[in-house]
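Work through the exercises below with the sequence and the model side by side. Each task is followed by a solution in steps.

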Amino acid sequence: MGVNSVTLVGRAGRDPEVRYFESGSMVANLTMAVNRRSRDDEPDWFNLEIWGKQAQVAADYVKKGALLGIIGSFKLDRWTDRSSGEERSKPVIRVDRLELLGSKRDNQDSGGNFGGQASDEDIPF
């Protein structure tokens, strides 16, 4: 038996890109920066894919810099590059649960940068 579970806390690297499908479903894609223990290290960046109701929450409330908690699973997106014909791949975290960790007031005060909640050192970009 295998386990494929990812739990991360970090900050949104950009506003979500949202796509709607004829079937009525939707997907939100964004990046997330997660700091390492040492302040001297660069953050790790993750590509997130969020579907359904959680995608709607991301579209409505997540902005660049927002503090998020996610639970999901790792997957590897694979495709053939149209210009070169080469096989490509990209690691993606498919989010099952999205938690907005900043307060509503924090979001409104600074346009998503959580004014005063985090110091400049806490924001990885």
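**Exercise 1. Aromatic pairs**

Task: Find how many aromatic pairs the structure holds, and describe the geometry.

Solution. Step 1: In this predicted model, the count of aromatic pairs is 1. Step 2: The partners are F21 and W51. Step 3: A pair of aromatic rings is described by the distance of the centres and the angle of the planes. Step 4: For F21 and W51 the centres are 5.7 Å apart and the planes meet at 20°. Planes under 30 degrees apart count as stacked, so the pair of F21 and W51 is classed as stacked. Step 5: Place the partners on the chain. F21 sits in the loop between β2 and β3, while W51 belongs to strand β4; with these positions 30 residues apart, the pair links distant parts of the chain.

**Exercise 2. Exposure of the two rings' residues**

Task: Decide whether F21 is buried, partly exposed or exposed, and do likewise for W51.

Solution. Step 1: The limits are under 20% relative accessible area for buried and over 50% for exposed, with partly exposed in between. Step 2: F21 has 34% relative accessibility, so F21 is partly exposed. Step 3: W51 has 31%, and therefore W51 is partly exposed too.

**Exercise 3. The largest pocket**

Task: State which residues line the largest pocket and which element gives the most to the lining.

Solution. Step 1: The space in the largest pocket is about 210 Å³. Step 2: The lining consists of R14, E17, R19, N29, L30, N47, L48, E49, W51, D77, K90 and V92. Step 3: Two or more lining residues come from each of β2 (17-20), β3 (26-34), β4 (44-51) and β6 (87-100). Step 4: β4 gives the most, with 4 residues. Step 5: Sorted by class, the lining has 6 charged, 4 nonpolar and 2 polar residues. W51, a partner in the aromatic pair, is one of the lining residues.

**Exercise 4. Three single residues**

Task: For T31, P43 and K53, give the location and say whether each is buried or exposed.

Solution. Step 1: T31 is in strand β3. Its relative accessible area is 15%, so T31 is buried. Leaving aside residues up to four places away in sequence, T31 touches R11, A12, G13, R14, W45, F46 and N47. Of these contacts, R14 and N47 also appear in the lining of the largest pocket.

Step 2: P43 is in the loop between β3 and β4. With 12% relative accessibility, P43 counts as buried. From P43 to A33 the C-alpha to C-alpha distance is 5.8 Å, and the two are 10 residues apart in sequence.

Step 3: K53 is part of helix α1 (residues 52-61). K53 has a relative accessible area of 75%, which means K53 is exposed. S25 is 28 residues away from K53 in sequence, and their C-alpha atoms are 8.9 Å apart.

**Exercise 5. The whole chain**

Task: Summarise the secondary structure and the surface of the chain.

Solution. Step 1: The chain has 2 helices and 6 strands. Step 2: Along the sequence they follow the pattern β-β-β-β-α-β-β-α. Step 3: The chain has 125 residues, of which 34% count as buried. Step 4: The accessible surface is about 8,400 Å², with 46% of it belonging to carbon and sulfur atoms. Step 5: Take the contacts between residues at least 6 apart in sequence; 59% of these join residues at least 24 apart.

Note on methods:
Residues are numbered from 1 along each chain as its sequence is written. This is a predicted model: local features need pLDDT of at least 70, side-chain atom pairs count only at pLDDT 80 or more; totals for chains, interfaces and linings use all residues. Side-chain values use heavy atoms; hydrogens and water are left out. On a 1 Å grid over the protein atoms alone, a cavity is a set of points where a 1.4 Å probe fits but cannot get out, and a pocket is an open set with protein on both sides within 12 Å along at least five of seven lines; lining residues have an atom within 4 Å of a point. Grid points are joined across faces, edges and corners, and a volume is the space filled by probe spheres set on the points. Ala, Val, Leu, Ile, Met, Phe, Trp, Tyr, Cys and Pro count as nonpolar, Asp, Glu, Lys and Arg as charged, and the others, Gly among them, as polar. Rings of Phe, Tyr and Trp (its six-membered ring) pair if their centres lie within 6.5 Å; planes under 30 degrees apart count as stacked, over 60 as edge-to-face and the rest as tilted. Buried means under 20% relative accessible area, exposed over 50%, partly exposed in between (1.4 Å probe, protein chains only). Contact means heavy atoms within 4.5 Å. Accessible areas come from the Shrake-Rupley method with a 1.4 Å probe; for residues, only the protein chains shown count as cover.
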